[in-house]
Amino acid sequence: MVRSRNFSRHAEAGFSLLEIIAAMLLLALAFGAVMHVAGAATEVTGHARELNRIAMLADATLDAIGRREPLREGIQEGSYDPRHQWRSVVSAQAPFPGQSPDLHLYRIDLDITWRDGTAERGAHFATLRLQDEPRPASSTSVAGP
C-alpha cells in the first residue's frame, strides 16, 4: 500500500523534463512554419500589388493612344518612371466583312517591362480599336452660279 501512495503522488507531480523539451520543439516547429507562410504571403501580396499597378498603367496608356491624334501604324516607346518602360505597336488590320470603307480597324499591342530585383519582368496587353476615317473630299469642286 505504501508503494501505491508514492505512485499516485508521482503521477500528480507534473510534466517530466523530456515532455517539456518535446513540447518546446513542437512549438518551435509550428512557429517556424507560421513565419514561413507569413513571409510567403507578404511576398505574394507585393507581387500582386505590382501587377495591379502594371495593369492600371496599361489601361491608361491604351486609353490615351489614338485620343490626341488619329491612330497611325508605327511604334512608340516611353517610360513611366526609371523602373517601368513601355512600347506600343499600332498595326492596321484587314477589314471585316461588311465594314464601312470609312472605318478602319487597328490593333494596339503594348508591352510593359520592369525590373523586379535582379529579374527583368514583362507584361503584354493588346486591344482592337475602330477609327472613323472619312475619305478625303475630292480636289475638284463644282462651282455654283
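Let me start with Glu73, which, once its neighbours within four places in sequence are left aside, is in contact with Val90, Ser91, Ala92 and Tyr106. This is a predicted model, and I will come back to its confidence values in a moment. Glu73 sits in the loop between helix 2, residues 17-64, and strand 1, and with a relative accessible area of 56% the residue counts as exposed. One of those contacts can be described at the level of atoms, since a polar atom of the side chain of Glu73 lies 3.1 Å from the backbone nitrogen of Ala92. Another joins positions well separated in sequence: Glu73 and Tyr106 are 33 residues apart along the chain, and their C-alpha atoms are separated by 8.1 Å.

Let me step back to the overall layout. The protein has two helices and four strands, and reading from the N terminus the order of the elements is α-α-β-β-β-β. Of its 145 residues, 17% count as buried. If we take the contacts with a separation of 6 or more, 48% of them come from residues 24 or more positions apart.

Now to confidence, which bears on everything else I say. The mean pLDDT of the protein is 85, with 83% of the residues at 70 or more. Among the elements, strand 2, residues 84-92, has the highest mean value, 96, whereas helix 1, residues 2-11, has the lowest, 55. Over residues 138-145 the pLDDT stays under 50, and for that stretch the model has zero contacts beyond four places in sequence. Where pLDDT is low, the predicted coordinates should not be read in detail.

From Tyr106 we can move on to the pairing of the strands. Strand 3, residues 103-116, and strand 4 run antiparallel and are joined by 14 bridges. The hairpin that these two strands form has two residues between them, and there Gly117 takes a positive phi near 70°. Tyr106, which we met as a contact of Glu73, has Arg129 as its bridge partner in strand 4.

Arg129 deserves some time. Its place is in strand 4, residues 119-132, and the residue is buried, yet it has no salt bridge. How far away is the nearest side chain of opposite charge? That side chain belongs to Asp63, and the distance is 5.3 Å, which is outside the 4 Å cut-off that a salt bridge requires. What the side chain of Arg129 does reach is the backbone oxygen of Leu62, at 2.6 Å. Not counting residues up to four places away in sequence, the residues that Arg129 touches include Leu62, Asp63, Ile65, Gly66 and Leu71, and also His104, Leu105, Tyr106 and Ile108.

Asp63, for its part, has a partner elsewhere, in that its side chain meets that of Arg67 in a salt bridge, at 3.1 Å from N to O. Arg67 is exposed, with a relative accessible area of 55%, while Asp63, at 43%, counts as partly exposed.

This brings us to the charged pairs in general, of which the structure holds seven that qualify as salt bridges. Side chains of opposite charge can pair when their charged atoms come close. Two further examples involve residues around the hairpin. Glu120 and Arg115 meet through their side chains at 2.9 Å, N to O; Glu120 is partly exposed at 47%, and Arg115 is partly exposed at 39%. Arg121 forms a salt bridge with Asp116, where the closest N and O atoms are 3.4 Å apart; Arg121 has a relative accessible area of 36% and Asp116 one of 33%, and so both fall in the partly exposed range, which lies between 20% and 50%.

I will end with Asp81, found in the loop between strand 1, residues 74-79, and strand 2. What does the side chain of Asp81 meet in a polar contact? The partner is the side chain of Arg53, at 3.1 Å. In addition, a polar atom of the Asp81 side chain lies 2.8 Å from the backbone nitrogen of Arg83. Asp81 can thus be set beside Glu73, as each sits in a loop and each places a polar side-chain atom by a backbone nitrogen, that of Arg83 for Asp81 and that of Ala92 for Glu73.

Technical notes: Residues numbered from 1 in each chain as written. Predicted model: local features only at pLDDT ≥ 70, side-chain atom pairs only at ≥ 80, totals over all residues. Heavy atoms only, no water. Buried < 20%, exposed > 50% of the residue type's maximum accessible area, 1.4 Å probe, protein only. Lys, Arg positive; Asp, Glu negative; His and termini not counted. Polar contact = N/O pair within 3.5 Å; in protein donor to acceptor, adjacent residues only side chain to side chain. Contact = heavy atoms within 4.5 Å. pLDDT = per-residue confidence, 0-100. Pairing = 2+ DSSP bridges.
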